[in-house]
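Colleague: I've got a few minutes before my next job finishes. Could you walk me through this one?

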Amino acid sequence: GLCNIQLSGGEPTMRGDLAAIIQLGRSKGFGFIQLNSNGLLLDADAEYALSLKAAGLASVFLQFDGLSSGVHTALRGRDLREIKEQAIAHCAAAGLGVVLVPTLVPGINTGEIDAIIDYAVRRAPTVRGVHFQPISYFGRYPQGPADADRITLPEVIELLQAQCGGAIRAEHFAPPACEHALCSFHGNFLVEEDGRLTPLGNRQSACCSTGEAKA
């Protein structure tokens, strides 16, 4: 059966045939294709986002670790704030939805959770969500981390509650039906005209079914 597709890597924009891959997926009947990217090429060339949209891309899953230069320097080695801003602007011009994807690292960007959500709200409807990912230590991190270097999903929810002043609470979230209940959580919110978030309930959704495909 058909499902949602996320093109990931590595960095998939390194492929010169990315648009052709997206077109192939759409020709096979896959209605929702998302690009997992650091946004560097989306920043560099406004036409690039337009070409991916024309090929059938629905959404960009954008690496977005925070709002301060120190966060970007600590996690990625340089200040990427302007690059992320321009990448989002180019996606907006192309009609591509964006999901911000912060990798949460204790002591680095866990104090910016509320600021990231506020940033997302101010850039709606282009930015359609925030996908917080607790850091996993592998690859470039051959040594096992200390407990203080870890962060769990319950701790992420606690930080959301503490930093968002009650606007976001634990009861607003539920695990997706297509994933293990201990491995993921989600909440749907309506962005009001004044920027307030209204929770839309915590009903489980089957995110991998065609009937629940979301932009």
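Colleague: Let's start with the second largest pocket. How many nonpolar, polar and charged residues are in its lining?

Modeller: Sure, and keep in mind that this is a predicted model. The pocket holds about 740 Å³ of space, and 24 residues line it. By class, the lining splits into nine nonpolar, 12 polar and three charged residues.

Colleague: Which residues lie nearest the centre of that pocket, and which element gives the most to its lining?

Modeller: Nearest the centre you'll find Gln63, Arg76, Thr103, Gln133 and Arg140. As for elements, β2 (33–37), β3 (59–63), α4 (69–76) and β7 (133–134) each put at least two residues into the lining. The top contributor gives three residues, and that's β3.

Colleague: Now the open sheet. Which strands are at its edges?

Modeller: Strands in a sheet pair up through backbone hydrogen bonds, in either a parallel or an antiparallel way. Here five strands run in the order β1-β2-β3-β4-β6, with parallel pairing. Two of them pair on one side only, which makes the edge strands β1 (5–7) and β6 (127–130). 

Colleague: By how many degrees are neighbouring strands of this sheet turned against each other on average?

Modeller: Ignoring direction, take the average over neighbouring strands of the sheet: the turn comes to 25 degrees.
Then there's helix α1 (residues 18–27), which packs on the sheet and touches β1 and β2. Its direction makes about 150 degrees with that of β2. So much for the helix; the strand-to-strand value you asked for is 25 degrees.

Colleague: Which residue in β6 does Val99 stand opposite?

Modeller: Look at strand β4 (residues 97–101), which pairs with β6 in the parallel sense over three bridges. Across from Val99, in β6, stands Gly129.

Colleague: Where are the residues Gly10 and Pro125, given their cis peptide bonds?

Modeller: The Gly9 to Gly10 bond is cis, with omega about 10 degrees, and Gly10 sits in the loop between β1 and α1. The bond from Ala124 to Pro125 is cis too, with omega near 10 degrees. Pro125 is found in the loop between α6 (113–122) and β6.

Colleague: Last one: why is the chain described as being as compact as a globular protein of that length?

Modeller: The chain has seven helices and nine strands. For 215 residues the globule rule gives 17 Å, and the chain is as compact as a globular protein of that length because its radius of gyration is close to that, at 17 Å.
Its C-alpha trace spans, along the principal axes, about 45 × 40 × 40 Å. The value behind the comparison is the radius of gyration, 17 Å.

Note on methods. Residues numbered from 1 in each chain as written. Predicted model: local features only at pLDDT ≥ 70, side-chain atom pairs only at ≥ 80, totals over all residues. Heavy atoms only, no water. 1 Å grid on protein atoms, 1.4 Å probe; cavity = no way out; pocket = protein on both sides within 12 Å on 5 of 7 lines; lining within 4 Å. Points joined across faces, edges and corners; volume = space filled by probe spheres on them. Helix = DSSP H or I, 4+ residues; strand = E, 2+ residues; numbered from the N terminus. Nonpolar A, V, L, I, M, F, W, Y, C, P; charged D, E, K, R; others polar. Pairing = 2+ DSSP bridges. Axes fitted to C-alpha atoms, helices over the stretch in contact; angles between N-to-C directions. Contact = heavy atoms within 4.5 Å. Rg over C-alpha atoms; globule rule 2.2 N^0.38 Å.
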